[in-house]
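Please open the model in your viewer and keep the sequence panel beside it, since this tour moves from one selection to the next. At each stop, select what is named and then read what is to be found there.

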Amino acid sequence: MTEFIKTQTSFAHGEVSPEFYANDNIYGLSRLENMDVISGGGLCRRHGLRSLDELVGPARLIPFSVSDDTEYILALTDHHMDIYHGGTLIKDLITPWPYDAVSALQYAQRFGTMIFVHPDYCPQTLTGHDNQFQISDFSFSRNDSDMTVNIPFVRFDDASEISITVTTHASGNNYATFTTGCDFWTPDNVRGRLFLLDRQWTVVEYISPTQVVAYTNGSYTLPSAPVTNWTEAAFGTRRGWPRSITFHQDRLVFGGSRDWPAGIWLSQVGRHNNFNSGTGLDDEAIFISLLSQQRQQICTVVSSDNLQILTNTGEWAISSKPLTPSSVDIKQHTSVGSYTARYLPPQKMEGSTIFISSSGRDIRQLGLDELGENYNATDLSVMAKHLMGSPIDIAYNDHMRQLYIVRSDGTMSVLNHNSALGISAWGTYRTSGQFLSVTVCNGCTYVAVLRSGSVYLECFDSGCLNDAGQYSFSYTASGLPLRASGHNARRIKIRKISARILDTQSLHINGQHISLPDSAFAPGSRGYCGDVSLNILGTMHDCIRPAWTVHGSESYPVTVLSISLHGWYTV
């Protein structure tokens, strides 16, 4: 047998999948639960959760920043929006969305206004200041001269062969009957808008699948033949509403809709309710439709250094600066595709865009190359695929440098990431209950947690050593199978395990409690700093198992800087 001393001073790669256990250049763990990798590469027990309020039911959490020092948490439940400030409920607003529609909501904020979009619901505008809030339908601007609406119009595929016969109607000169040669109209066309005969029309009555009555502001001239050149409003009850939204270069951007999934609509500059393309002047509205060999469904749009467009099959970008109707430089850069089962908002991390791939198992970092010309979509989860899958929410805390992904099983996969220090460490958070949603506001991480049939709003707090004031949680960090001198150990006899700890008041190693000096528990003490050890006499024949495990469940602080193994091995 060969004597060895094996010291691990960095856990920068966090928990890794078993297929990486035989790599010599991995500074990882076989298990990391309820612990974080800190900036120096060591391990610390995660913060506890502070309970703030009981919610009316399952909720999705969204941050709403009104000013530099005024931020709110929106808890979206079934037809309700509860607005919290500092953990205190400020306002309960009624919304049009049932809870099963909340997961698809996308939003964008500008100053004290937030706009929500959903492909099946009219966009909603939330305004708030001085604890006064109001939510209302988003409205496109009107032109005073003729009361036309500055909404975009398109020709949908199923209408491309439809012609409309226009005849007078008994209601007056402003009314007409529109007749098609085949079934086309539905009751959902009522209150929808059409553009034909150089006029906007509003459908006011549904008669049959081939006939509707429409109204226009002003008189018109009957055409001598059926009208083939006509368009419909891009958005409405019949055709659906925008799927995604952002602000970019002082334009409001809508990406995709239910019936036009590859469309991108950009408002006029500084006039965010006006989507009139006019005569194509530099500040007027823009319409683009993605064209490729594959069907493109826009999942979300992101304003970054460029306008990023994430679809179900790839990642596009518009790099034009400034972006004008005559200058649209659009290009597909990568072919990963985004998650479509629900909306998981892309996060900004270290200047890149973080999104979840179409498979739900890749966490991608979309960033420009060194020349600033092309995007790459690096997989941040390549070494921890077993911790991915079934995501239901995502958020990034740039103060903590932590990315949180809530999973459908009620756990959270957490990435501690600091590229300057070479740290990219995945682990798992568990609590007594289930995590339902996560968001970050003003540097604090908030979660909705299901406990014993009730849902609570809670936040991670460095001053809390348990969850919600009453639930203890266990923590675990286990090493990788031993490799020494480039070899897999077949048999190990461990003589001693030592750990260098910092500000620690409780520690277990391999099931045994480690005694700490009494000074660690003196009033005002933050815990023991120094080296501790455990003498073990035993032989391991199942060397795929970890040789050491740090664990515990007591509500005390724990920080481990390094672990050393002393013993003998054979290969």
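Begin by selecting asparagine 416 and showing its surroundings: leaving aside residues up to four places away in sequence, asparagine 416 touches Asp36, Val37, Arg401, Gln402, Ile423, Ser424 and Ala425. Please bear in mind throughout that this is a predicted model. Of these neighbours, glutamine 402 deserves a second look, as its side chain makes a polar contact of 2.9 Å with the side chain of asparagine 416. If you colour by secondary structure, you will find asparagine 416 within strand β37, which covers residues 412-418. Is asparagine 416 buried or exposed? Asparagine 416 counts as buried, because its relative accessible area is 6%, which is under the 20% limit.

Now select the whole of β37, and use this strand as a guide to the second largest pocket, since β37 gives the most to the lining there, with three residues. Strands β5 (35-37), β6 (43-45) and β45 (491-504) are also among those that each supply at least two residues of this lining. The second largest pocket has a volume of about 630 Å³ and is lined by 29 residues, of which Ile38, Cys44, Arg45, His47 and Thr559 lie nearest its centre. Sorted by class, the lining of this second largest pocket holds 11 nonpolar, 12 polar and six charged residues.

From that group, keep cysteine 44 selected, which counts as buried at 16% relative accessibility. Why does cysteine 44 not form a bond with the closest cysteine sulfur? That sulfur belongs to cysteine 529 and is 13 Å from the sulfur of cysteine 44, which is too far for a bond. For a disulfide, the two sulfur atoms would have to be within 2.5 Å, and by this rule the count comes to zero disulfides. Next select cysteine 459, which is in no disulfide either, its nearest cysteine sulfur being that of cysteine 444, 6.0 Å away. Cysteine 459 counts as buried, with a relative accessibility of 2%.

For the last stop, select Pro63, Tyr107, Pro346, Gln347 and Lys348, which of the 36 residues lining the largest pocket lie nearest its centre. The volume of the largest pocket is about 990 Å³. Several strands each supply at least two residues of its lining, including β8 (60-67), β12 (106-110), β31 (347-349) and β39 (434-441). By class, the lining of the largest pocket has 20 nonpolar, 11 polar and five charged residues.

Terms used. Residues numbered from 1 in each chain as written. Predicted model: local features only at pLDDT ≥ 70, side-chain atom pairs only at ≥ 80, totals over all residues. Heavy atoms only, no water. Buried < 20%, exposed > 50% of the residue type's maximum accessible area, 1.4 Å probe, protein only. Helix = DSSP H or I, 4+ residues; strand = E, 2+ residues; numbered from the N terminus. Polar contact = N/O pair within 3.5 Å; in protein donor to acceptor, adjacent residues only side chain to side chain. Contact = heavy atoms within 4.5 Å. 1 Å grid on protein atoms, 1.4 Å probe; cavity = no way out; pocket = protein on both sides within 12 Å on 5 of 7 lines; lining within 4 Å. Points joined across faces, edges and corners; volume = space filled by probe spheres on them. Nonpolar A, V, L, I, M, F, W, Y, C, P; charged D, E, K, R; others polar.
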